[in-house]
Amino acid sequence: MFAEYIFPPHSVVALPIKKYQLTMPIHRIFCVGRNYLAHANEMGSSVDKATQEPFYFLKHPSHYAPSGSTIPYPSRTQNLHHEMELAVIIGKEGANIPVEAAKHYIFGYACALDMTRRDLQAQMKERRLSWDIAKDFENGAIISEVVPIAECGELTSGKIELSVNGEVKQSSDLAQMIWSVDEIIAHLSTLYTLMPGDVIMTGTPEGVGAVVAGDELTGHIDGIGDITLKIAE
């Protein structure tokens, strides 16, 4: 067995935990698409929970940026969008998890921004190709500190909101999710064995829109707190 790497390994990417001098390494970042009906409608789609299942895309942990960051405007886009989301952090391993047991796999929650190169996404949709280049890019996953479920309790409702330069752009309630957090965990665990450090970004409400250089974003979720981001000049 070889003792050394030809290149130095990348550092562990980890989330801060509120009130603890500890961090949680990110294992994977799963994102739920079209999980608020009003957002699906504004994107020109319809969702029928009776006949459809949730769908997902992933962001690489290395594309995480902490709340409070100033990030450069990403390359190859003229239409960068904000998407405010609740992030759920998994705390223990599980597969084929029953809905009624899902809450026991939650370590905590965080605020998150799923930044999206919307023009590239539209191109991929038109060609029926993967959304990867539109969703999974450097600094494309902004996540706040984690609030343990022991501190805030299980979140099934509460305001989720995002402002750009002080003007409210997105405002809804977690209860408006098409698939609840417990339903998402149960469904996702039939596709993957969920592991500690998995992050699930649970979808965005309506009101998504473009941001430009110099914009300052502030998001809030009741029971969790705030997230901030600035797009560099």
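Let me begin with a definition: a residue is called exposed when its relative accessible area is over 50%, buried when that area is under 20%, and partly exposed in between. Please keep in mind throughout that what we are looking at is a predicted model.

With that cut-off in hand, take R76, which has a relative accessibility of 70% and therefore counts as exposed, since exposed means over 50%. R76 sits in the loop between strand 6, residues 69-71, and strand 7, and its phi is positive, at about 60 degrees, although R76 is not a glycine. I mention the sign because most residues other than glycine have a negative phi. A second arginine belongs in this part of the talk, namely R34, which is also not a glycine and has a positive phi of about 50 degrees. R34 lies in the loop between strand 3 and helix 1, the latter spanning residues 37-42. Is R34 buried, partly exposed or exposed? Its relative accessible area is 26%, and so R34 is partly exposed, because that value falls between 20% and 50%.

R34 brings me to the cavity. Searching the whole structure for cavities of 30 Å³ or more gives one, and the largest cavity holds about 110 Å³ of space. Its lining consists of 16 residues, and the closest to the centre are R34, H39, E83, W131 and K135, so that the arginine we have just discussed appears again here, as a residue with a relative accessible area of 26%. Which elements give two or more residues to this lining? They are strand 3, residues 29-33, and helix 2, residues 118-126, and helix 2 gives the most, with three residues. Sorted by class, the lining of the largest cavity has seven charged residues, five polar ones and four nonpolar ones.

Let me step back to the whole chain. The protein chain has 18 strands and five helices. Its radius of gyration is 17 Å, which agrees with the value near 17 Å that a compact globule of 233 residues would have. Taken along the principal axes, the C-alpha atoms fill a box of roughly 50 × 45 × 40 Å, and 49% of the 233 residues count as buried. If we consider contacts between residues at least 6 apart in sequence, 76% of them join residues that are at least 24 apart.

Among the strands, I would like to single out one open sheet, in which three strands follow the order 10-7-16 with antiparallel pairing. The edges are strand 10, residues 116-117, and strand 16, residues 209-210, each of which pairs on one side only. Strand 7, residues 80-82, runs antiparallel to strand 10 and is joined to it by two bridges, and within this pair H81 stands opposite T116 of strand 10.

Finally, helix 5, residues 181-188. How many of its eight residues are buried? Seven are, so to use the cut-off once more, seven have a relative accessible area under 20%. The buried residues are V181, D182, I184, I185, A186, H187 and L188. What covers them includes strand 3, strand 4 (55-59), strand 8 (84-90), strand 9 (106-114) and strand 15 (199-201). Strand 3 thus has a part in two of today's topics, since it is among the elements that cover the buried residues of helix 5 and also gives two or more residues to the lining of the largest cavity.

Definitions and conventions
Residues are numbered from 1 along each chain as its sequence is written. This is a predicted model: local features need pLDDT of at least 70, side-chain atom pairs count only at pLDDT 80 or more; totals for chains, interfaces and linings use all residues. Side-chain values use heavy atoms; hydrogens and water are left out. Two strands pair if DSSP finds at least two bridges between them. Helices (H or I, at least four residues) and strands (E, at least two) are DSSP runs, numbered from the N terminus. On a 1 Å grid over the protein atoms alone, a cavity is a set of points where a 1.4 Å probe fits but cannot get out, and a pocket is an open set with protein on both sides within 12 Å along at least five of seven lines; lining residues have an atom within 4 Å of a point. Grid points are joined across faces, edges and corners, and a volume is the space filled by probe spheres set on the points. Ala, Val, Leu, Ile, Met, Phe, Trp, Tyr, Cys and Pro count as nonpolar, Asp, Glu, Lys and Arg as charged, and the others, Gly among them, as polar. The radius of gyration is taken over C-alpha atoms; the globule rule is 2.2 Å times the number of residues to the power 0.38. Buried means under 20% relative accessible area, exposed over 50%, partly exposed in between (1.4 Å probe, protein chains only). Contact means heavy atoms within 4.5 Å.
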